[in-house]
Amino acid sequence: MNRVFQIQERYLAEIARFENTSMIRDISLNWEKIHMASCAAVGRILAIKRGADAELSSIACSIHDYGRIITGKQYDHAAVGYEPLKLFLAQNGYFTSEEIELLAKAAQNHSSKKEIGSPLEEIVKDADVFDCYQYGLPLEREEQRVRLKSILEELSH
């Protein structure tokens with residue numbers, strides 16, 4: 001099995017820990033499962049198109065909302081998830097310390113859609129926006145709409 005499948009399997013197990021609990025969630029766990037898988041696919045496509053590491057991009061897109069999984073809250077989930085995500089990734093034993101830092105940083109910075117980050121961070125931001133668009137979720141912030149326009153133009157070439 002490849003690392004994308006392995007980490008998604010572990011991520012689903014992590015999500016399952018929160019099912020049937022009394023935690024009030026801003027976003028349903030069913031959405032988290034769908035968003036994980038579809039973001040991973042979009043991230044792989046963007047990485048191939050941009051000449052980036054498709055495996056690492058797919059993994060980063062899979063796990064970018066870890067903070068929301070563990071807290072149930074949308075507010076500040078990207079920043080809150082940084083340290084717990086590093087621990088989750090380290091415990092799974094699939095990644096080097098450098099990869100853990102890259103993946104955790106991409107998750108930490110994915111909500112900052114106005115700022116330009118590393119190529120991996122940009123793929124996560126763009127996959128996140130595109131995935132919300134493809135499921136008809138509102139893009140409430142201008143920077144999300146600007147990103148979507150750019151992604152659609154990129155994919156049309």
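This is a short presentation on the core, the internal spaces and a few individual residues of one protein model. Good morning, colleagues. Please keep in mind throughout that the model is predicted.

I shall begin with the nonpolar core. In general, nonpolar side chains in soluble globular proteins tend to be buried together. In this model, the largest nonpolar core holds 37 residues, and those that touch the most other members are Tyr-11, Ile-63, Leu-89 and Leu-103. Two or more residues of this core come from each of α1, α2, α3, α4, α6, α7, α8 and α9, the last of these spanning residues 142–155. Helix α8 has the largest share, with seven residues.

Leu-103 deserves a closer look. Setting aside residues up to four places away in sequence, Leu-103 touches Leu-56, Ile-59, Ala-60, Ile-63, Leu-85, Leu-89, Phe-95 and Leu-120. Two of these partners, Ile-63 and Leu-89, were named a moment ago among the core residues that touch the most other members.

Leu-85 and Leu-89 lead us to helix α6, which covers residues 82–92 and has as its buried residues Tyr-82, Leu-85, Phe-88, Leu-89 and Asn-92. Why do these buried residues line one face of the helix? Viewed down the axis of α6, they fall within an arc of 120 degrees, and therefore they line one face. The cover over them includes α1 (3–16), α3 (54–63), α4 (66–71), α5 (77–80) and α7 (97–109). After α6 comes Gly-93, which has a positive phi, near 70 degrees.

I turn now to the internal spaces. How many cavities of 30 Å³ or more does a search of the whole structure find? The search finds one. The volume of this largest cavity is about 40 Å³. Its lining consists of Tyr-11, Glu-32, His-35, Met-36, Ser-62, His-64, Asp-65 and Ile-69. Tyr-11 thus appears both in this lining and among the core residues that touch the most other members. Helix α2, residues 29–50, contributes the most to the cavity lining, namely three residues. Sorted by class, the lining comprises three nonpolar, three polar and two charged residues.

The largest pocket, for its part, contains about 460 Å³ of space. It is lined by 19 residues, of which Ile-27, Arg-68, Gln-74, Cys-132 and Gln-144 are the closest to its centre. Helices α2 and α8, the latter spanning 119–134, each supply at least two lining residues. Which helix gives the most to this lining? It is α8, with three residues. By class, the pocket lining has seven nonpolar, six polar and six charged residues.

I shall close with two charged side chains. Arg-147 lies in helix α9. Is this residue buried or exposed? Its relative accessible area is 8%, so Arg-147 is buried, the cut-off for that class being under 20%. Again leaving out residues up to four places away in sequence, Arg-147 touches Lys-113, Glu-115, Ile-116, Glu-122, Lys-125, Asp-126 and Val-129.

Glu-9, by contrast, belongs to helix α1. With a relative accessible area of 47%, Glu-9 is partly exposed, because that value lies between the 20% and 50% limits. Finally, the C-alpha atoms of Glu-9 and Glu-143 are separated by 32 Å, the two residues being 134 residues apart along the chain. Thank you for your attention.

Conventions: Residues numbered from 1 in each chain as written. Predicted model: local features only at pLDDT ≥ 70, side-chain atom pairs only at ≥ 80, totals over all residues. Heavy atoms only, no water. 1 Å grid on protein atoms, 1.4 Å probe; cavity = no way out; pocket = protein on both sides within 12 Å on 5 of 7 lines; lining within 4 Å. Points joined across faces, edges and corners; volume = space filled by probe spheres on them. Helix = DSSP H or I, 4+ residues; strand = E, 2+ residues; numbered from the N terminus. Nonpolar A, V, L, I, M, F, W, Y, C, P; charged D, E, K, R; others polar. Buried < 20%, exposed > 50% of the residue type's maximum accessible area, 1.4 Å probe, protein only. Arc of directions from axis to C-beta. Contact = heavy atoms within 4.5 Å. Core = buried A, V, L, I, M, F, W, Y, C linked by side-chain atoms within 4.5 Å.
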